[in-house]
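Biologist: I am new to this structure and should be grateful for a close look at one part of it. Please describe the nonpolar core and the parts of the chain that surround it.

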Amino acid sequence: MENYYGIAAIAGICVVVLLMGTMKQKTAGISKFILRSIAGTAGICIVNAILESLGISVAAGINPVNVLTIGMLGIGGFGLVYGILLYRFL
């Protein structure tokens, strides 16, 4: 019975070490996602202000769906958000 506890402990330690290695690699991806989301939110504010000053009544909202889309896709997601708004505007 004691051998099973030893095997389980070794397996558990191996899993923890593998998870630590995976998390170290994913940290770069998570930080890119957060930076894209922040930059995209600022971009939405700026573009909405520019469109409002030009008298165009199209404005993208800052909501979780838009922030996630821009965070995942980057500039392409930003274009997608405004492309959908342009399509609805027409």
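**The nonpolar core and its surroundings**

Modeller: A convenient place to begin is Leu85, which is in contact with Val58, Ala59 and Ala60 once its neighbours within four places in sequence are left aside. Please bear in mind throughout that this is a predicted model. The mean pLDDT of the protein is 84, and 93% of its residues reach 70 or more. Confidence is lowest in helix H1, residues 2-53, where the mean is 82, and highest in helix H2, residues 64-73, where it is 90.

Leu85 belongs to the largest nonpolar core, which has 8 residues in all: Ile44, Leu51, Val58, Ala60, Ile70, Val81, Tyr82 and Leu85. Helices H1 and H3 each supply at least two residues of this core, and H3 gives the most, with 3 residues. As a general point, nonpolar side chains in soluble globular proteins tend to be buried together.

Let us take the contribution of H1. Leu51 lies in this helix. Its relative accessible area is 17%, so Leu51 is buried, the limit being under 20%. Beyond residues up to four places away in sequence, Leu51 touches Ile56, Val58 and Tyr82. Asn48 is also found in helix H1. With a relative accessible area of 15%, Asn48 is buried too. The contacts of Asn48, again not counting residues up to four places away in sequence, are Val58, Ala59, Ala60 and Tyr82. Val58 and Tyr82 are thus touched by Leu51 and by Asn48, while Val58 is also in contact with Leu85.

Tyr82 leads us into H3. At 14% relative accessibility, this residue counts as buried. Tyr82 also takes part in an aromatic pair, of which the structure holds 1. Its partner is Phe78: the ring centres are 5.2 Å apart and the planes stand at 55 degrees, so the pair is tilted. Both residues lie in helix H3, 4 residues apart, about one turn of the helix. Phe78, with a relative accessible area of 21%, is partly exposed.

Next comes H2, in which Ile70 lies. Ile70 has a relative accessible area of 4% and is buried. Outside the residues up to four places away in sequence, it touches Arg36, Gly40, Ile44, Gly77, Phe78 and Val81. Ile44 and Val81 are core residues like Ile70, whereas Phe78 is the ring partner of Tyr82. Other buried residues in H2 are Asn66, Thr69 and Gly71.

The packing of H2 against H3 may be described as a whole. Two packed helices are described by the angle between their axes and the distance between the axes. Here, the axes of H2 and helix H3, residues 75-89, come within 6 Å and cross at roughly 140 degrees. From H2, the residues in contact are Asn66, Thr69, Ile70 and Leu73; from H3, they are Ile75, Gly76, Gly77, Phe78, Leu80 and Val81. These residues divide into 6 nonpolar, 4 polar and no charged. Just after H2, Gly74 takes a positive phi of about 75 degrees.

Two separations help to place H2 within the chain. The C-alpha atoms of Ile70 and Gly55 are separated by 25 Å, although these residues are 15 places apart along the chain. By contrast, Ile30 and Gly71 are 41 residues apart along the chain, and their C-alpha atoms are separated by 9.7 Å. Ile30 has its place in helix H1 and, at 47% relative accessibility, counts as partly exposed.

To draw the picture together, the core includes Ile44, Leu51, Ile70, Tyr82 and Leu85, with H3 as the element that gives the most residues. Ile70 touches Ile44 and Val81, and Leu51 touches Val58 and Tyr82.

Terms used: Residues are numbered from 1 along each chain as its sequence is written. This is a predicted model: local features need pLDDT of at least 70, side-chain atom pairs count only at pLDDT 80 or more; totals for chains, interfaces and linings use all residues. Side-chain values use heavy atoms; hydrogens and water are left out. pLDDT is the predictor's confidence in each residue, from 0 to 100. Axes are lines fitted to C-alpha atoms, for helices over the stretch in contact, and angles run from 0 to 180 degrees between N-to-C directions. Contact means heavy atoms within 4.5 Å. Ala, Val, Leu, Ile, Met, Phe, Trp, Tyr, Cys and Pro count as nonpolar, Asp, Glu, Lys and Arg as charged, and the others, Gly among them, as polar. Buried means under 20% relative accessible area, exposed over 50%, partly exposed in between (1.4 Å probe, protein chains only). Rings of Phe, Tyr and Trp (its six-membered ring) pair if their centres lie within 6.5 Å; planes under 30 degrees apart count as stacked, over 60 as edge-to-face and the rest as tilted. A nonpolar core is a set of buried Ala, Val, Leu, Ile, Met, Phe, Trp, Tyr and Cys residues joined through side-chain atoms within 4.5 Å.
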